[in-house]
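Me: Please take one chain of this model and go through it closely. Then add what can be said about a helix and a serine in the other chain.

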Amino acid sequence: MNKDTLLIAGKSYNSRLLIGTGKYKDFTETQAAVEASGAEIITIAIRRSNIGQNPNEPNLLDVLPPSKYTLLPNTAGCYSADDAVRTLRLARELLNGHSLVKLEVLGDPQSLYPNVVETLAAAKTLVADGFQVMVYTSDDPIIAKQLEDIGCVAIMPLASLIGSGMGILNPWNLQLIMDRVQVPVIVDAGVGTASDAAIAMELGCHGVLMNTAIAAAQEPVLMASAMKQAVEAGRMAFLAGRMPKKLYSASPSSPTSGLIN
Amino acid sequence: MISVSINGEVRQFDNPISVATLLEQMQLTGKRIALERNGEILPRGQFNQQLLADGDRLEIVVAVGGG
């Protein structure tokens, strides 16, 4: 059997767990969690720099060097296609021409639900500009297919709202998306604990992206390790193929003959 | 005297200094930053020759933790 790897935009990854770097206590904890998770693709955000008021501010890129990780700049906080495109052009300049990005265009600040109209518009512009776009979206299978047709390299539907930890609320829609698109489908947002990640992988998703589930755990580094194992276990269970569910089993696990009298 | 907006903060300069000089004044020389001038990316290689003009809007960004 060939090695089971995650293939995104022509590059293979051993880990199917992608993690975010927000909400950690400090960079030391961020680094420890990233290590424990085994993740190779790490999301980062782009924000205004200090302009002289804090010259000794530590830099995330010193802790997570682009030589060691595939950094995935995001557009978190963007509510329009234009803002998302501007942010990712800055990210590409910051990361010396790196073109793999996470696009997300939000619809409202309470739910952080994606605005798919703006997302589609931004995806078109970015793909035309040479970006490799991994796209956060709703779990609408029609929009997912449209994003693939535009040229996105991974479709990343929410399992539930960003930061909610509510788990996988609509496994049927994830299935509809996987039935329709050829590029990797990566659950992004909503995972709360290890079993949620395992369920996503058992459904056949190609990967899971999470941030808060690890960063907001009581012990983030331990949870990062739990998520690593959950994603691996879920993937193996998917590949193994689960037994069918049945209400009664007419087939006991132990032999029916040779019973003592 | 020229007036330039940097990350939303207006600053005034006696002369049209270069972007490289501005970054030096803000102790950002050599740091991992990217810069946008009036909505367009300004490549690092042009920091020395590009002079600030009155009314310029600069955005200077870094990578931070995020999901």
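Reply: Chain B has a radius of gyration of 12 Å, which agrees with the value near 11 Å expected for a compact globule of 67 residues; the radius is taken over C-alpha atoms, and the globule rule is 2.2 Å times the number of residues to the power 0.38. This is a predicted model, in which local features need pLDDT of at least 70, side-chain atom pairs count only at pLDDT 80 or more, and totals for chains, interfaces and linings use all residues. Residues are numbered from 1 along each chain as its sequence is written, chains are lettered from A and ligands numbered from 1 in the order written, and side-chain values use heavy atoms, without hydrogens or water.

Along the principal axes, the C-alpha atoms of chain B fill a box of roughly 40 × 20 × 20 Å. Chain B holds one helix and five strands, in the order β-β-α-β-β-β from the N terminus (DSSP runs numbered from the N terminus: helices H or I, at least four residues; strands E, at least two). Of the contacts in chain B with a separation of 6 or more, 51% join residues 24 or more positions apart (contact: heavy atoms within 4.5 Å). Buried residues are 45% of the 67 in chain B (buried: under 20% relative accessible area; exposed: over 50%; partly exposed in between; 1.4 Å probe, protein chains only). The exposed area of chain B is about 3400 Å², with 45% of it from carbon and sulfur atoms (Shrake-Rupley method, 1.4 Å probe). Chain B carries 6 positive and 8 negative side chains, the centres of the two sets being 9 Å apart (Lys and Arg positive, Asp and Glu negative, His and chain ends not counted; charges placed at NZ of Lys, CZ of Arg, CG of Asp or CD of Glu).

In chain A, helix 5 covers residues 141-150, and its buried residues include A:Ile143, A:Leu147 and A:Ile150. Their cover includes helix 4 (116-128), strand 7 (132-137), strand 8 and helix 6 of chain A. At the start of helix 5 of chain A, a side-chain oxygen of A:Asp140 comes within 2.8 Å of the backbone nitrogen of A:Ile142. Just after helix 5 of chain A, A:Gly151 has a positive phi of about 120°.

A:Ser160 sits in the loop between strand 8 (154-157) and helix 6 (171-180) of chain A. A:Ser160 counts as buried because its relative accessibility is 3%. A polar atom of the A:Ser160 side chain lies 3.3 Å from the backbone oxygen of A:Gly190. Beyond its neighbours within four places in sequence, A:Ser160 contacts A:Met166, A:Gly167, A:Leu169, A:Ala189 and A:Gly190.

Conventions: Polar contact = N/O pair within 3.5 Å; in protein donor to acceptor, adjacent residues only side chain to side chain.
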